[in-house]
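Biologist: I am new to this model and should be grateful for a close look at its interior. Please describe the buried places first, and then what lies around them.

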Amino acid sequence: MAEQGREDAHRDGDGEMHEPTSFLTKYVWSQDHKVIAVQYSLTAIAIGLVALVLSWLMRMQLGFPGELEFVDQAAYYQYATMHGMIMVIYLLTAIFLGGFGNYLIPLQVGARDMVFPFLNMLSYWVYLIAVLVLVASFFAPGGPTGAGWTLYPPQSILEGTPGYDWGIILMLTSLVIFIIAFTMGGLNYVTTILQARARGMTLMRMPLTVWGIFIATFMGLLAFPALFVSGVMLLLDRAIGTSFFVPEIMSLGETLDYTGGSPLLFQHLFWFFGHPEVYIVALPAFGIVSDILSVHARKNIFGYRMMVWALLAIGVLSFIVWAHHMYVSGMDPAFGFFFATTTLIIAVPTAIKVYNWVLTLWNADIHLTVPMLFAISFILTFVFGGLTGLFLGNVVVDVPLSDTYFVVAHFHMVMGVAPIMVVFGAIYHWYPKITGRMLHNGMGHFHFWVTFLGTYAIYFPMHYLGFVGVPRRYFSYEDLEFIPDSAHDLNAAITVAALVVGVVQILFLYNLAWSYFKGAKAVANPWKATSLEWQTPQTPPIHGNWGKTLPEVHRWAYDYSVPGAPDDFISQNTPRQDFEKLDEASEIDPDPTPLYPELGGHAVKESS
Amino acid sequence: MSFFKTIFSQPWLGDAAATETVPGGNMGGGMRAPLKVKRTGLFVFMGVATALFSLFTVAYKMRMGMGGWTNLADPAILWTNTYILVAGSVSMHLASRLAARGKMAAAKYAFIAAGVAGFLFLGGQYLAWQELNAAGFYAQANPANAFFYVLTGLHGLHLLGGLYAWGQALVKASTGSNAADISASIKLCDYYWGYLLLLWLAMFAMLLST
């Protein structure tokens with residue numbers, strides 16, 4: 001009893017106890033998960049802009065070679081390396097977990113904050129240091145590393161590779177710092193979900209967004225150590241001359257002191273991190289997209305349990321497919337067969353998710369709002385990129401296509417465009433809650449259509465380039481006989497599309513800023529959604545989120561279009577009794593037992 | 001199995017069904033007791049550390065099969081250090097048991113002894129480094145040496161983190177927080193000391209066997 005009392009005191013009183021007052025504690029050294037989320041997101045977007053500009057510079061070189069004189073071979077490889085690393089780690093991982101994870105976990109599970117707020121604040125500031133160290137490499141002598149984002153040794157740490165002096169050291173240091181930041185944040189996300197859910201919020205009542213972030217965080221906590229190990233060891237090889245990864249080697253005519261190291265060991269470690277990383281970015285996107293689809297289609301998500309199981313299955317399977325990135329590094333055919341098989345198996349839970357999304361849309365009351373458009377475009381893009389993944393997962397198909405633009409097209413579609421579509425959808429969806437204002441709709445539609453069609457204009461032709469054998473990682477294709485003229489024209493067209501799509505992202509940022517001051521005031525629950533974050537007493541939610549008492553949860557997050565309910569949604573904190581009263585008032589069968597629970601419960605009655 | 005019970009529950013059935021398939025303990029209830037929260041966090045962190053050291057072990061074994069590997073002559077002082085770490089863990093466990101029974105004064109001595117053992121262990125590891133360095137076993141001379149420095153260094157860093165928590169608990173104890181709070185902190189240190197001991201024994205066994 002005494003413990004219960006203390007818990008209650010903690011639960012109900014905490015909201016007002018530590019309200020920060022000064023500007024510094026409120027917006028800079030904040031321990032509030034919502035502020036930290038915005039800090040994470042803005043930092044990620046800022047560094048993402050750098051990566052966007054780098055992609056422009058690369059595209060200029062590919063589409064219009066020689067037009068920009070400062071883009072030489074070294075610069076091109078530096079841009080490619082930094083573009084990849086920033087987009088994958090410092091933008092997507094950070095914004096999904098540090099940004100959306102931070103904002104949505106406590107609000108969607110009904111907590112006042114993360115369980116370790118100080119650690120959470122530390123996580124952001126350490127992340128910022130990682131970003132600054134990365135940015136520093138642009139200004140270091142020799143510039144950033146040009147080793148490619150995979151940083152394969154020995155080439156990445158030998159003289160002759162751009163950024164040999166400082167770039168590679170700063171890159172590896174930055175990664176190690178990032179992993180420390182991620183671990184601090186990840187511990188928070190997992191512990192909050194396990195230990196700070198509101199009364200009645202069972203694990204299987206959590207919105208799929210939380211499930212996706214939860215499993216992705218677990219994967220990150222297990223996968224990032226592999227990057228840490230390879231990063232530390234590579235750093236030692238470069239800085240003090242150990243021989244973990246570098247074999248006996250001649251460089252620039254001299255025999256170096258390295259002996260017996262194994263480049264393959266690095267590749268194994270890197271991809272043991274690298275492949276789960278794809279899903280660390282994808283699973284939060286899966287979760288968010290499920291919720292956006294359900295809300296804007298006014299229908300419960302199809303197969304909720306199957307969605308959770310699929311997330312779990314993908315999380316586990318993604319740890320045993322890594323070597324499909326190494327088919328061309330040379331491996332025992334039996335290993336190749338094993339990894340090809342696991343790669344194809346992982347398509348099964350993924351396909352289940354896609355079917356469930358489509359079935360959620362089937363016969364639904366679809367509202368083509370901007371978030372919904374982005375969510376639907378995610379499905380299309382993800383299926384597209386996923387199917388080319390099935391090609392590349394097979395050793396015999398991968399070997400000729402590897403190192404061509406087919407691969408570039410595949411991974412940009414599946415883990416570049418698809419997740420970023422969800423990032424946009426999620427921002428349009430939750431912006432009213434975060435700021436209290438709606439984003440401008442016209443700009444939003446324009447942003448969507450140009451981005452969606454534009455990214456297809458960029459990546460669709462790259463598949464063709466890959467088939468005709470245009471190799472990736474080339475600085476210049478001039479005077480190469482095996483490259484047809486059509487490929488050059490196509491490259492120019494892709495560049496134009498890339499520039500246009502890039503410019504539209506600036507418009508999106510303008511919309512973010514403009515709407516913050518001038519946007520229409522948002523009501524508390526503009527999309528009429530059921531999950532807890534839309535039921536806060538204030539919009540935007542204040543420190544402590546819930547005022548005096550925490551919400552109690554009585555249902556799952558997908559009660560849309562329930563027959564007999566006055567609205568077409570019932571929020572998660574609506575008690576059973578209230579609903580029964582509503583039932584009687586509207587003189588509809590008060591029997592709460594659904595007719596066909598295995599088909600998704602209440603919604604079935606509607607069609608009968 | 002509550003895991004399967006959980007993932008097979010049918011959330012769309014509402015409250016009645018949820019209480020049937022999910023026992024009260026799983027219903028959630030706002031922020032749980034601080035000890036439980038911190039313990040969960042600590043266990044997750046131990047999971048991360050286990051992943052980290054397992055991957056180093058895999059790398060170690062793989063690298064052994066390649067060229068340029070000379071087995072390391074393990075410094076004798078490592079045995080002394082191991083005994084110190086064992087003593088520290090035993091002492092920490094004792095402190096935790098004593099605190100749970102309310103014998104705070106005795107618990108405090110055992111707790112301090114456990115922390116001191118931690119510092120002694122770190123000092124001993126430093127001496128081992130010195131010894132290897134003096135004998136010419138530089139990190140770049142041989143990957144076995146490099147692994148030795150990396151593994152002991154990282155293990156030491158993890159212990160340093162533990163000692164930071166230990167210091168905080170000590171401050172808490174000397175400023176007179178309530179006994180339950182202090183005993184919870186000691187309990188958490190107990191888990192971590194035990195974990196670091198197991199980790200070290202595993203690393204030490206690997207170093208000795210090669």
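Modeller: The account below begins with conventions and confidence, turns to the interior, and ends with the chain contact and the loops.

The model is predicted: local features need pLDDT of at least 70, and side-chain atom pairs count only at pLDDT 80 or more, while totals for chains, interfaces and linings use all residues. Residues are numbered from 1 along each chain as its sequence is written, chains are lettered from A and ligands numbered from 1 in the order in which they are written, and side-chain values use heavy atoms, with hydrogens and water left out.

The pLDDT is the predictor's confidence in each residue, from 0 to 100. Its mean is 90 for chain A, where 92% of the residues reach 70 or more. Two stretches of chain A fall below 50: residues 1-17, with 24 contacts beyond four places in sequence, and residues 587-608, with 28 contacts beyond near neighbours in sequence. A contact here means heavy atoms within 4.5 Å. Chain B has a mean of 87, with 90% of its residues at 70 or more. Within chain B, confidence is lowest in helix α2 (residues 15-21), at a mean of 47, and highest in helix α4 (residues 77-100), at 96. For the complex, the predictor gives an ipTM of 0.91 and a pTM of 0.91.

The interior may now be considered. A residue is called buried under 20% relative accessible area, exposed over 50%, and partly exposed in between, with a 1.4 Å probe and protein chains only. A nonpolar core is a set of buried Ala, Val, Leu, Ile, Met, Phe, Trp, Tyr and Cys residues joined through side-chain atoms within 4.5 Å. The largest such core has 249 residues, and Y90(A), Y127(A), W211(A) and F378(A) have the most contacts inside it. Helix α4 (residues 73-109) of chain A gives this core its largest share, 21 residues. Helices are DSSP runs of H or I with at least four residues, strands are runs of E with at least two, and both are numbered from the N terminus. Leaving out residues up to four places away in sequence, W211(A) touches L203(A), M204(A), M206(A), Y304(A), V308(A) and L311(A). In soluble globular proteins, nonpolar side chains tend to be buried together.

Polar residues are found inside as well. N188(A) lies in helix α6 (residues 167-195) of chain A and counts as buried because its relative accessibility is 0%. Beyond its neighbours within four places in sequence, N188(A) is in contact with M114(A), V115(A), F116(A), L119(A) and N120(A). Q39(A), in helix α3 (residues 33-63) of chain A, is buried too, at a relative accessible area of 12%. Not counting residues up to four places away, Q39(A) touches Y27(A), V28(A), Y124(A) and W125(A). A polar atom of the Q39(A) side chain lies 3.0 Å from the backbone oxygen of V28(A).

Chain B offers a further buried place. L188(B) is in helix α7 (residues 179-208) of chain B and has a relative accessible area of 15%, so it is buried. Its contacts, apart from neighbours within four places, are with L35(B), K38(B), R39(B) and L42(B).

The two chains also meet each other. Buried area is the accessible area (1.4 Å probe) that two parts lose on being put together, summed over both. Chains A and B bury about 4,600 Å² between them, 70% of it on carbon and sulfur atoms. Of the area that chain A buries against chain B, Q195(A), F244(A) and R305(A) supply 13%, more than any other three residues. The contact takes 58 residues from chain A and 47 residues from chain B.

The loops of chain A complete the picture. Most residues other than glycine have a negative phi, and most peptide bonds are trans. D479(A) is not a glycine, yet has a positive phi of about 60°; it lies in the loop between α15 and α16 and is exposed because its relative accessibility is 79%. A cis peptide bond, with omega about 0°, joins P153(A) and P154(A), and P154(A) is in the loop between α5 (117-139) and α6. Another cis bond runs from T539(A) to P540(A), with omega near -5°; P540(A) sits in the loop between α16 (485-518) and α17 (576-585).

Notes:
A polar contact is a pair of N or O atoms within 3.5 Å; within protein, one must be able to donate a hydrogen and the other to accept it, and residues adjacent in sequence count only if both atoms are side-chain atoms.
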